[in-house]
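The following paragraphs are meant to be read alongside the model, moving from one part of the fold to the next. Please keep the sequence and the coordinates in view while reading.

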Amino acid sequence: MNEEEQQESPSTEAESASAEVVNWEAKAEGYRNDYLRALADIENLRKRHEKQMEDARNYAVDRFARELLPVIDSLELALASPVEDAESIALLRQGLENTLTLFAQALGKAGIAPIEMGEGRFDPHLHQAIAMVETEGDANRVLAVHQKGYLMHDRLLRPSMVSVSKAPKAAE
């Protein structure tokens, strides 16, 4: 190599190193921008998710409430009708029975159903005994239902309040 080539070589290496540093700085700035965009996207996604959860909490019963509106209308109509004689009382009773049917249908559409008694055996998972009555026959039979219990799908909303049989005490 001659002197001119050796003199150009350090400046070319410095320019090359400088270009490489600039290239790395550009890549680092690109990565930083990508990171900031991803961070902003995640924050937007979190906010959107929170909004959806809040809407779900606030409006979860929307469809159920719409099913109950005819029940309210029917009860208001029954209360507004005059009760003067036996015939109007019979009509009022019929209207209340129809309203109860509407209400049971609305609950059924929401997955809420009364607890069926089945064999009439006491089930502590579904019933709450409020009285024990000595009777002949099998013990732990449901004798009377004082208040219906309800299930929502497979979850207990309220246990049935029942009277349960117990074996009679032996005579001494």
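Two strands are taken to pair if DSSP finds at least two bridges between them. With that criterion in hand, and bearing in mind that this is a predicted model, one can turn to an open sheet in which three strands follow the order β1-β4-β5 with antiparallel pairing. Its edge strands are β1, which covers residues 112–114, and β5, each of them pairing on one side only. Averaged over this sheet and with direction ignored, neighbouring strands are turned by 35° against each other.

The contacts within this sheet can be followed strand by strand. Between β1 and β4, which run antiparallel, there are three bridges, and Ala 113 has Leu 151 in β4 as its bridge partner. Three bridges likewise join β4 to β5, again in the antiparallel sense, and here Met 152 is matched with Arg 155 in β5.

The connection between these last two strands deserves a separate look. β4 and β5 form a hairpin that leaves two residues between them, and His 153 belongs to this loop, which links β4 (150–152) with β5 (155–158). The phi angle of His 153 is near 55°, a positive value in a residue that is not glycine. Is His 153 buried or exposed? With a relative accessible area of 57%, His 153 is exposed, because anything over 50% is placed in that class.

A further open sheet also has three strands, in the order β2-β6-β3, but its pairing is mixed. The edges are formed by β2 (127–134) and β3 (142–147), each of which pairs on one side only, and neighbouring strands of this sheet are turned by 25° against each other on average when direction is ignored. The mixed character can be traced to the individual pairs: β2 and β6 are joined in the parallel sense over seven bridges, whereas four bridges connect β3 with β6 (residues 160–166) in an antiparallel arrangement. As a general point, strands of a sheet pair through backbone hydrogen bonds, in either a parallel or an antiparallel manner.

Individual positions show how β6 is met from its two partners. Val 164 in β6 stands opposite Met 132, and Val 142 also stands opposite Val 164. Elsewhere in β6, Val 162 is the bridge partner of Val 145. The strand β6 is mostly covered, with five of its seven residues buried.

Ser 165, which lies in strand β6, gives a residue-level view of that covering. The relative accessible area of Ser 165 is 0%, so this residue is buried. When neighbours within four places in sequence are left aside, Ser 165 is in contact with Met 132, Val 133, Thr 135, Asp 138, Ala 139, Asn 140, Arg 141 and Leu 143.

Asn 140, one of those contacts of Ser 165, is located in the loop between β2 and β3. Although Asn 140 is not a glycine, its phi is positive, at about 65°. How accessible is Asn 140, in terms of relative accessibility? Asn 140 counts as partly exposed because its relative accessibility is 37%.

Turning from the sheets to the helices, α2 (residues 62–80) and α3 (residues 86–109) pack at an angle of about 175°, and their axes are 9 Å apart. The angle therefore makes α2 roughly antiparallel to α3, since angles over 145 degrees count as such. On the α2 side, the residues that meet α3 are Phe 64, Glu 67, Leu 68, Pro 70, Val 71, Ser 74, Leu 75 and Ala 78. Their counterparts in α3 are Leu 92, Gly 95, Leu 96, Thr 99, Leu 102, Phe 103, Ala 106, Leu 107 and Lys 109.

Aromatic rings are the last topic. How many aromatic pairs does the structure hold? It holds zero aromatic pairs. A ring does, however, meet a charge: the charged end of Lys 27 sits over the ring of Trp 24, at 5.3 Å from the centre of that ring.

Methods: Residues are numbered from 1 along each chain as its sequence is written. This is a predicted model: local features need pLDDT of at least 70, side-chain atom pairs count only at pLDDT 80 or more; totals for chains, interfaces and linings use all residues. Side-chain values use heavy atoms; hydrogens and water are left out. Rings of Phe, Tyr and Trp (its six-membered ring) pair if their centres lie within 6.5 Å; planes under 30 degrees apart count as stacked, over 60 as edge-to-face and the rest as tilted. A charge sits over a ring if NZ of Lys or CZ of Arg is within 6 Å of the ring centre and within 35 degrees of the ring normal. Axes are lines fitted to C-alpha atoms, for helices over the stretch in contact, and angles run from 0 to 180 degrees between N-to-C directions. Buried means under 20% relative accessible area, exposed over 50%, partly exposed in between (1.4 Å probe, protein chains only). Angles under 35 degrees count as roughly parallel, over 145 as roughly antiparallel, 65 to 115 as roughly perpendicular and the rest as oblique. Contact means heavy atoms within 4.5 Å.
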